[in-house]
Structures are given as C-alpha cells and as structure tokens.
Amino acid sequence: MSAQKGREITISVLKFNPRSKVSKPHFVDYKLEETPGMTLFIALNYIRENFDPDLSFDFVCRAGICGSCGMVVNGKPALACRTLIANYPEEKLTLMPMPAFELIKDLSVNTGKWMDKMSKRVESWIHSNEEVDISKMEERVDPDIADQTFELDRCIECGICVASCGTILMRPDFVGPVGLNRIARFEVDPHDNRTAEDFYELIGDDNGIFGCMSLMACEDHCPKHLPLQNKIAYLRRKLVSLR
Amino acid sequence: MKINYCDALVIGGGLAGLRAAVAAQKKGLSTVVLSLVPVKRSHSAAAQGGMQASLGNSKMSDGDNEDLHFADTVKGSDWGCDQEVARMFVHTAPKAIRELASWGVPWTRVRAGTREAVINAKKTTITEDEDRHGLITSRDFGGTKKWRTCYTADATGHTMLFGVANEALRHDVDIRDRKEALSIIHEDGRCYGAVVRDLITGELEAYVAKGTCIATGGYGRVFKQTTNAVICEGTGQAIALETGIATLGNMEAVQFHPTPIVPSGILLTEGCRGDGGILRDVDGHRFMPDYEPEKKELASRDVVSRRMIEHIRNGKGVPSPYGYHVWLDISILGREHIEKNLRDVQEICQIFNGIDPADEGPKGWAPVLPMQHYSMGGIRTKPTGESQNLKGLFACGEAACWDMHGFNRLGGNSVSETVVAGMIIGNYFADFCLENDVTIPTATIQKFLDEQDKYLDEILSYNGSESIFKIKNRMKELMDEKVGIFRDGPHLEEAVEELKELLVKTKQITVKSKERAGNPELEEAYRVPKMLKVALCVAKGARDRTESRGAHYREDYLKRDDVNWLNRTLTSWPNSDALEPEITYEPLDIMKMEMPPAFRGYGAKGMIIENELSAKRQAQVDEITEKMQAEGKDRHEIQDALMPFELPMNYKERNERAGDK
Ligand SMILES: Cc1cc2nc3c(=O)[nH]c(=O)nc-3n(C[C@H](O)[C@H](O)[C@H](O)COP(=O)(O)OP(=O)(O)OC[C@H]3O[C@@H](n4cnc5c(N)ncnc54)[C@H](O)[C@@H]3O)c2cc1C
Ligand code: SF4
Ligand code: FES
C-alpha cells in the first residue's frame, strides 16, 4: 500500500429535509484525506459510511453516463461523479442541490419528474403513421443524418443546462435547453413525420423557443458538449419564418 | 396504507422492463412500471459496445444469419444455455433492432465506399457496396463469426434506452420512479404483485396486479470491484427468492472483465487490447506473453482476467490505496490513433484519473483490474419467462435466468436479450394478464403490507454495535477474494460460512436516524440482508459445482464435466429463518439439443469430461441434416426438424436480408 499521505480537504454540504418540520437549511463541513483519483462520488460515499449515514445524494452509473448526479459544486452545476477533487486547488468544495428542481433532501433533487413532464410536453417520441413490418428490411437512413441525429440524442437529461438557465428563473414553465434540444433531435430524424408547423404548436411561444435569452450558460456547462445555442438559434429562425 | 390496482405490474425500468411494459400496454392492459430511479437512468444506459443481431448488411457481416448467431451463443455459453431459448432469441433479434430503428434509435449506418479498419492490429481496407448504403451497420466483438454487433457510436445502451423509454411514454405506460419493491405478494403458489416503498416519502404501498414481471437487472454490486451501476444490488432476485417458492438459476455464473479502470471500475473497452494495447506489471514488464505466448493480451476475456490475477498473486501487482492492480498501456498506439479511435477511453482516463493515456512512458499508463461485469444467473424461468414454480411471476433481462447465456454470455448479447426478451416474454406475460384475474382477498394483501411495516420498525429498533456499511463492505471484499475469478473448495466454504455470519450480524446493528423517509442508512439496513442472500446463492452454488464451465473456474476442478454437471443450479429459500439456500439441479437433455456439447474453440483442448450422449446425438443430427438436404429442404425446415421452437405474435416470420438470393 502506498504510504503517501493525501492533502486534507473539506467538503461543505447543504443539508435540508423539506419533509421534516424541524429541519432548516444549513451547511455541514466534513474533513477527509484525499486519495488519488478521488471523485465526489467516492468522497460522498466515504462521508456517508464514516461520518453521516443520514446524508442524501444520488448516483447511479458513477461514470458520467446516466445523468443522476448533477449538483452545484463551488457555484457551478456539474456531474458530481465526474468531478475530480484534484482539480480544486482551494482544498474546499461547497456542494448545493441544483436549483430549478424540486428538492428531495440534501443534495437530491427530482430531475426525473421535471424531465418526464418535459418529455411529454415536447412529445419526445417518433411520430409516424406507418406500420413497420419488422420482418422486412429496415428503412435506409443516410449515414450522415444518422450521425447528426445521434449527436443530438446524446443528451442524458442531467438537468445541468436547466440549472444554468436564466430564463427558467423568470419562467418556471420554460421548456429549457434540454427540451429544445429534444425538438431539434426529432426534427433531423427522418423517421419522424412532424412538420415545422407541428413543432410550432409545441414550442412556438415564450415558454418555448422564444423565451431563450441566449445567455449561453447551458452550453458552457453541458457535460455532453451539445451544441445547444446553435440548435436553439436554428429552430428559432425556422419557426419565426412560419408566422 | 395504499393499495394500487393495475393489470400488469413491471418491476424495473431498464431496457427489459420498459420493452415488456410496451408489449403489455399495447395489448390494452393498464401497465405500471416501478423503478428505483428515473427509468432513463437505469444501468442499461451504460452499455457502450452494441447489440447483436444477424442483419448481415455490412461487408464484414455479409452472409450472417440466425444459425451462425445461434452457434456462437451456444458455444459462448459453454453449453450451459437452454438451446430452445437461444433459438427464440436469435430469430427475434433482427426484428428487435429493426423495431428500435423505427422507434428512433439512430443506429450507425453503412456508408458505401472504402474505409480503413484495424483488424488483428493490422491496417486493412474495407469496401462497402453501393446497394447496402444506409442500412444498419455492425462491428466486431469477441466470440462471433461475423461482425454482428450493431451500435450507435459508443453510446448504444443510452440511445436504446431513450428510444424504448420514449415509446413507453408514447403508449402512456404508467411509469413511477423512486419506488422500490420490498416483497412479493403471493398466495397458493400464485403471484399478485408487490409491496413497494416510496423512496421519497418512505410510505409503504401495495401494487396488486394480475401478473408481475421482474426486470431489475443484475447483482454485480454484491462484489466490491464491479463495472455495474450502484443500483445493481440484486434485490429483484432476492424478493423472488424470499417467496420461498420461486427459484434462482445458475447464480454462480458471474462474468469478469479484464480492463475496468481503478478505482472507479469504469470500463475501458476491449478495443484497447484489440488495437494493440498491452498490459504491464509493477516493474513495467509486459507479462502476458509469459503466460499466453500465442494470444498474449488477446486471449479471451476470462483467460486474460485469470492471468492478471495470477500475476498479482505472484507479487507483481502495483500497490495503491485501493489494492493491487496492473497497468494498461495504449500509448504505444500513438497519440493520433488514440485521439481518433479511442476517444472515450482517453476521456475516461483524463476525467477520472487525471491521466492522458497518449502520454508515453509510465505517465500515460492506466491502472486496471479485472472486475465483476455481468450476472448470468437470475430468476429461473420457463421459455415463456414465467417462473417455474410461482405462477404469475415473470422475469426478463439480466434479472432472469431465461437462459440463453449459460455460463458465459457474449458481448453484445445482453442488451440484445433485454429487448428481445421484452418482446417475447412481454407478450406471454401480457397474455397471462389477459387470461387471469386477481382473486386475492384484501386481508391477505394487508398481511403482506403489515409484515414489511413491522420489519422496518424492527430494523429501527435494533440496538447493536455492528455497522451496516461495514457488513456490506465485508461482504463485497469476501466475494472478490473467495468467490471471484479463481475459485476453490476451501475458500468457497469459508465464504459461505462468513456470509452466514454476516447475515446474522445484520440484526445486530443500530440505525442512527429513526426517520422512515429520506434515511439512507435504513435503506442499507433492509437491502444488505437481501444482498447477502443473493451472495450466499452465488457462493454456495459455486462451492457445490465441482467443475469449470464458462466463467465459473475451479482451480481444484479444471475440467468441464459433461457427465456430472451438464445441469443448471437451482437455489431456493423455503425457510425464511434459514441461513443458507437449498440447492437442487435441473438436467440439460443432450438428446434434445440442436448442437450437442463439444469443444468451445478456444482455451486448452482436452479439458472436457465428455458425455457419451454427445456423440450419439451428433450422429442423429448429422443424419437428419444430410437426409433433409438431399431432399432439397432449406435450413429453416432442417432446423425445425432438429429442435422446434415457438414464438408469440408474428415473430416466427423469416427475417428478410439484403443478401437473400
Ligand atoms: C459498463 C457496462 C457496459 C456494457 N456494455 C454492454 C454492451 O456493449 N453490450 C451488451 O449487450 N451488454 C452490455 N452490458 C450489459 C447490459 O448493459 C445489461 O446487462 C443490461 O442493460 C441489463 O438491462 P436490464 O433491463 O435487465 O436491467 P437494468 O438496465 O439494470 O435495469 C434495472 C431496473 O430495475 C430497477 N430496480 C432494481 N431493483 C429494483 C427494486 N427492488 N424495485 C424497483 N425497481 C428496481 C432499476 O431502477 C432499473 O430501472 C454492459 C454492462 C456494463 C456494466
Ligand atoms: S442538454 Fe446537456 S446539460 Fe442539458 S440535460 Fe442534456 S446533457 Fe444535460
Ligand atoms: S452517476 Fe451517472 S452521471 Fe453521475
């Protein structure tokens, strides 16, 4: 075993249980020794197992794939499982739950509920009247179009863009960058028969495509580097020309 | 306390559960899906490589068909699988992938013209024909005769899961997340739903249904070192086991992967070694050629894993705060190659370990260690997906032992199984729900609810000195050390005994917070005993199976024993106070096989204790085949004569292919 001693770091966590009558939001500091490759996933589990069995947070894949672990780290929303403590020279990390989502407890927020509503709102599925015979050859798709669809399909619904978004603060019903990206994704997919008019019906208002103030934070923070601003601008141009 | 009624209850919202739910909902049943987390976050999202289906579109997969996929799957299973189920599977897989395409999964497509590929570490040029342009393409994977694995870049599981989840939304499937099934409601050998805990409010509810389908994924997290998501704790298998009626099949069949990164356990794809990456030890020495001079790093998954552990045991591992590991060196492939072809691996190394694997010398080496990867075992079912013993309980996906993987599953066959099983089992499940009613009295449902309610109170009243986290960690270590890649009688015996002690200790803890809601320690306190039961099924099954088959490797019994062990392990837990499961065996009938047992095609020869029936059945198969070929019968007719199988819907229809004559 390595004898090298890691630096001492402080993880400061906002604790609050909205379902308890006595709980009030407050920060708790935990001190621990950093180990090589330590992420917030490792650190928070260590804290729960050794200092505070009552601390709530969400991880699933712990590999930056599933989008469960968004939280605000030193003021910026990020995936906690991808957050390497070594990248923080200041030796102290302050963790808060993401805003814009319903708080469950401590660092755990209900992104699932939000994303469900968003998915239903933008009808996040293929619209087609064709009955496909799955014993027969599949429909051909141009490889470039398939790649383009894939690039937009990579969104993991982590909600970081939503937590970064200025519009959401003023318009709680704003469909958010993630919802607009969804529309952009189905717009390029040749399997989806929806027209620009159909999309206009869904997002052609200030809670949709015309609400965005182009502050760019969504794109800056998106862990999947999706071209959110570009796509929002493209959709806006396309839909504006309809009316 | 609340009782929710529905027609069809699906526990688990990964690929398998969601696809089964769509099948039920489409037949007009009110269908509820329960999941620990929002369903799009299920472990299925993590699959990268792809999904096997014999489309035969691209150059390297031309000529592929169900027969080749079947043969690969049976060999891969080391003849442990149910061949009828494997047939059902390979025949439906092309339909599954085409259905997914129509649901919007953006499969990578064939591009006409030439492109460069690295095959066997050599640059090769492949030319795709014009008439295949735009069809679904496929890539190479271990153990397959053709390039059969369809993919969406390196995020196949993610795109598949979103495609299926969105389809479930389209059909108005009632998806409820942050709901955990705690026990199965049953009476007179018939299942009626589950007792469920809301993970936000802590409230207990009953979900009562005509049929229940468990699709809760694998049990990788009973091991310490695993590539699995943190929710893969095997509680679905455990609640089936705790009925005392349903059985689990082949729980000792656990697959290990050679190159997850340490400590996070995130997978670095097999492509690293495929492209020419090498393994190094504490001295920087490349050790694989010492053990496997012929195939070196490219020996099969289980062989490489075993050699790595052997070398670490020989004192050549690299010490770290997280235990010993070896190095994976891909810098020798050159920066250009890595940044183009292994982008994901580079990103994982950078983000999680602060290493750039393209840096030359020790600086760029990534720490790797073989880890648990896949659970072949699960809830034992009939080919329809229904439990063999508990009527109305179905299972599909990694949670089930349906059983097309036997003792080793091939890469790409698992996400494929999830959707294919969701289609096949989902339809049989739906039919069951259409034909049967709920006949259980409310009082019985209340009894099951009260039991769980009392159990949670009991846990909160424990007053002992043990820590549930320590018990859990000890279980995980024990499974790695004694029930891991290398197994032998004495260690397995020790493991069984200590797991039993740990199970006793789970009642000697104290849970600090007495809150019913938002109490992670309470959740551990009721999950860990379940995990220990699953672990005991694995350990005891492995202890008793005195042979080596597929991923189950016994150092004291090196041969595959087709005379004594051509069977499936069944574990059950009939007495809830018992500290270990009961084990029985289910024989595999060679005389009904389409492909009788033979050499797997890799690993050392002569390592099989042969069953004389194998040769007898092979002679029969040859005779029937020759005769029918002479009569001009086609491969489908011959197959049907050798081993008939059935499928629901119109899934038995022949699959059209671009290469059809
Ligand atoms: C890193 C990695 C890469 C992989 N890559 C590939 C690949 O390239 N190709 C391939 O074929 N396979 C691959 N696999 C395997 C494959 O991903 C899985 O076997 C498959 O996705 C399992 O799907 P599932 O639907 O059975 O279960 P899961 O996706 O695990 O879903 C389980 C569901 O059950 C729910 N659940 C669990 N317990 C409960 C409970 N008690 N109550 C309520 N709900 C519960 C969970 O919330 C979840 O929704 C990979 C696996 C790993 C770990
Ligand atoms: S667009 Fe990016 S930030 Fe927003 S939810 Fe998707 S992956 Fe997360
Ligand atoms: S836990 Fe899945 S993205 Fe962080």
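# A tour of the predicted model

Select strands β1 and β2 of chain A, residues 8-15 and 26-33: they pair in the antiparallel sense, with eight bridges between them. This is a predicted model, so treat each stop as a feature of that prediction.

**Stop 1: around β1 of chain A**

Keep β1(A) and β2(A) selected. Find A:Lys15. Which residue of β2(A) stands opposite A:Lys15? It is A:His26.

Now add strand β5 of chain A, residues 92-96. β5(A) runs parallel to β1(A), and four bridges join the two. Click on A:Ile11; opposite A:Ile11, in β5(A), stands A:Leu93.

Show the rest of the structure around β1(A). Why is this strand largely enclosed? Seven of its eight residues are buried, so the rest of the structure largely encloses β1(A).

**Stop 2: chain A as a whole**

Zoom out to chain A. Its secondary structure comes to nine helices and seven strands. The C-alpha trace spans about 60 × 40 × 30 Å along its principal axes. Chain A has 243 residues, and 56% of them are buried.

**Stop 3: ligand 2**

Select ligand 2 and show the residues around it. All of these belong to chain A: A:Cys155, A:Ile156, A:Glu157, A:Cys158, A:Gly159, A:Ile160 and A:Cys161, then A:Val178, then A:Cys222, A:Pro223, A:Leu226 and A:Leu228.

Colour this shell by residue class. How many residues are nonpolar, polar and charged? Ten are nonpolar, one is polar and one is charged. The charged residue is A:Glu157, and the polar one is A:Gly159.

Now hide the ligand and look at the space it takes. That space is the second largest cavity.

**Stop 4: aromatic pairs**

Show the aromatic side chains. Over all chains, a search of the whole structure finds 13 aromatic pairs. For one tilted pair, go to chain B and select B:Trp327 and B:Trp365: the ring centres are 6.2 Å apart and the planes meet at 55°, so the pair counts as tilted. An angle over 60 degrees would have made it edge-to-face.

Follow the backbone from each tryptophan. The pair links distant parts of the chain, 38 residues apart. B:Trp327 is in strand β14 of chain B, residues 326-329. B:Trp365 is in the loop between α10 (343-353) and β15 (366-368) of chain B. Are the two buried or exposed? Both B:Trp327 and B:Trp365 are buried.

Return to chain A for a cluster. Select A:Tyr30, A:Tyr46 and A:Phe51, which ring pairs link together. A:Tyr30 falls within β2(A), residues 26-33, from the opening selection.

**Stop 5: backbone details in chain B**

Select B:Val262 and B:Pro263. A cis peptide bond joins them, with omega about 0°. B:Pro263 lies in the loop between β12 (254-257) and α6 (271-274) of chain B.

Move to B:Asn250, in the loop between β11 (248-249) and β12 of chain B. Its phi is near 50°, a positive value in a residue other than glycine. B:Asn250 has a relative accessible area of 1%, so it is buried.

The last selection is B:Met649, in the segment after α17 (635-642) of chain B. Phi of B:Met649 is also positive, near 50°, and this residue too is not a glycine. Is B:Met649 buried or exposed? Its relative accessibility is 53%, so B:Met649 counts as exposed.

Key. Residues are numbered from 1 along each chain as its sequence is written. Chains are lettered from A and ligands numbered from 1 in the order in which they are written. This is a predicted model: local features need pLDDT of at least 70, side-chain atom pairs count only at pLDDT 80 or more; totals for chains, interfaces and linings use all residues. Side-chain values use heavy atoms; hydrogens and water are left out. A residue is near a molecule or strand if one of its heavy atoms lies within 4 Å of it. On a 1 Å grid over the protein atoms alone, a cavity is a set of points where a 1.4 Å probe fits but cannot get out, and a pocket is an open set with protein on both sides within 12 Å along at least five of seven lines; lining residues have an atom within 4 Å of a point. A molecule sits in a cavity or pocket if more than half of its atoms lie within 2 Å of its grid points. Buried means under 20% relative accessible area, exposed over 50%, partly exposed in between (1.4 Å probe, protein chains only). Two strands pair if DSSP finds at least two bridges between them. Rings of Phe, Tyr and Trp (its six-membered ring) pair if their centres lie within 6.5 Å; planes under 30 degrees apart count as stacked, over 60 as edge-to-face and the rest as tilted.
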